[in-house]
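Here is a short report on charged side chains and where they sit. Please keep the sequence and the structure in view while reading.

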Amino acid sequence: MTVHIGARAGDIAETVLLPGDPYRARWAAETFLENPRLVNEVRGMLGYTGTWRGKPVTIHGSGMGMPSISIYANELIRDFGAQTLIRIGSAGALQPHLKVRDLVLAQATTTLGSPSRSIFRELSFAPVADFGLLAAAHGAAVAKGITTHVGGVYSSDTFYDERQDLSDQLQRHGTLAIEMEAAELYTLAARYGRRALAVLTISDHILTGEALPADQRERSFGDMVEIALTAAFA
């Protein structure tokens, strides 16, 4: 048990999926896991552990933004022994060839700042995904017939961003999409020697203004859960 996770020893699996929304964590656990049980509800951040094809899995909410996912990832790794952490969430497209509903696998991340930024001082650390997870997720997505892109994403802690000049430069340099958590997750995985990946669905397009309707977001979220689980145990 930690300050933010009320689970007991043995309640958290070595494989953890991290949706931002705690209610999506509940939905995913009830939909995809066998015998899911609630292992955390501190501050309303829900976490469930069950099995998928006989393998233990925890699905735990991470909240919005890097400060929030930093709290949960740190405690899951340090106090509960999580080995594989996969973010499953949404992102906004920055490139014209990406479409709403497409999948993005974040190979590398860029950020202006994260909770880990201060420890590097002048160094610009480049957080990257675990290649084994990345390759397995790509194979699983292609097998499902989902249009999938692999490349860099931008992790922002500002949802209502007014830096058009920054978006322009990110687009110019080939950044695929904007999201809010992957850079810190990848940095913590590197620090502790764990595996991490962000599997993202394009829910909004920054250039066109198109957005995925609410009912279709849930269906796309289901695809991400299946891909993440397949990759974790490939």
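Glu-179 and Arg-87 are both buried. Their side chains meet in a salt bridge, with N and O 2.8 Å apart. The pair links distant parts of the chain: Glu-179 is in strand S8 (residues 177–179), while Arg-87 is in strand S5 (residues 84–93), and 92 residues separate them. The model is a predicted one.

Arg-87 and Glu-179 also belong to a wider group. Salt bridges with shared partners join Arg-87, Glu-179 and Glu-181 into one network.

**Salt bridges**

The structure holds 6 salt bridges. The table gives three of them, including the pair just described.

| Pair | N to O distance | Separation in sequence |
|---|---|---|
| Glu-179 and Arg-87 | 2.8 Å | 92 residues |
| Arg-37 and Asp-11 | 3.2 Å | 26 residues |
| Asp-223 and Lys-144 | 3.8 Å | 79 residues |

Take Arg-37 and Asp-11. Their closest N and O atoms are 3.2 Å apart. Arg-37 lies in strand S2 (residues 34–40) and Asp-11 in the segment before strand S1 (15–18), so the salt bridge ties together parts that are 26 residues apart in sequence. Arg-37 is partly exposed, at 40% relative accessibility. Asp-11 is buried, because its relative accessible area is 12% and buried means under 20%.

Now take Asp-223 and Lys-144. Their side chains meet in a salt bridge at 3.8 Å, N to O. Asp-223 sits in helix H7 (residues 214–232). Lys-144 sits in the loop between helix H4 (131–143) and strand S7 (148–155). The pair therefore ties together parts that are 79 residues apart in sequence. Asp-223 counts as partly exposed, at 26% relative accessibility. Lys-144 is partly exposed too, with a relative accessible area of 38%.

**A buried acid without a salt bridge**

Side chains of opposite charge can pair when their charged atoms come close. Asp-102 is buried yet has no salt bridge. How far away is the nearest side chain of opposite charge? That side chain is Lys-99, and it is 7.3 Å away. A salt bridge needs a nitrogen and an oxygen within 4 Å, so Lys-99 does not form one with Asp-102.

What does the side chain of Asp-102 make a polar contact with? The partner is the side chain of His-149, at 2.8 Å. The backbone nitrogen of Lys-99 also lies 2.9 Å from a polar atom of the Asp-102 side chain.

Asp-102 is found in the loop between S5 and strand S6 (103–110). Leaving aside neighbours within four places in sequence, Asp-102 is in contact with His-97, Thr-147, His-149, Leu-200, Thr-201 and Ile-202.

**Strands S6, S7 and S9**

S6 pairs with S7 in the parallel sense, over 7 bridges. Thr-109 has Val-153 in S7 as its bridge partner. S6 and S9 pair in the antiparallel sense, over 3 bridges. Here Leu-103 stands opposite Thr-201 in S9. Thr-201 is also one of the contacts of Asp-102.

**The annotated position**

Which residue does UniProt list for "active site"? The record, an unreviewed entry, lists Asp-204. Asp-204 is in strand S9 (residues 195–205). Is Asp-204 buried or partly exposed? Asp-204 is partly exposed, with a relative accessible area of 27%.

Methods:
Residues numbered from 1 in each chain as written. Predicted model: local features only at pLDDT ≥ 70, side-chain atom pairs only at ≥ 80, totals over all residues. Heavy atoms only, no water. UniProt positions renumbered as here; feature names shortened; annotations may be inferred. Helix = DSSP H or I, 4+ residues; strand = E, 2+ residues; numbered from the N terminus. Buried < 20%, exposed > 50% of the residue type's maximum accessible area, 1.4 Å probe, protein only. Lys, Arg positive; Asp, Glu negative; His and termini not counted. Polar contact = N/O pair within 3.5 Å; in protein donor to acceptor, adjacent residues only side chain to side chain. Contact = heavy atoms within 4.5 Å. Pairing = 2+ DSSP bridges.
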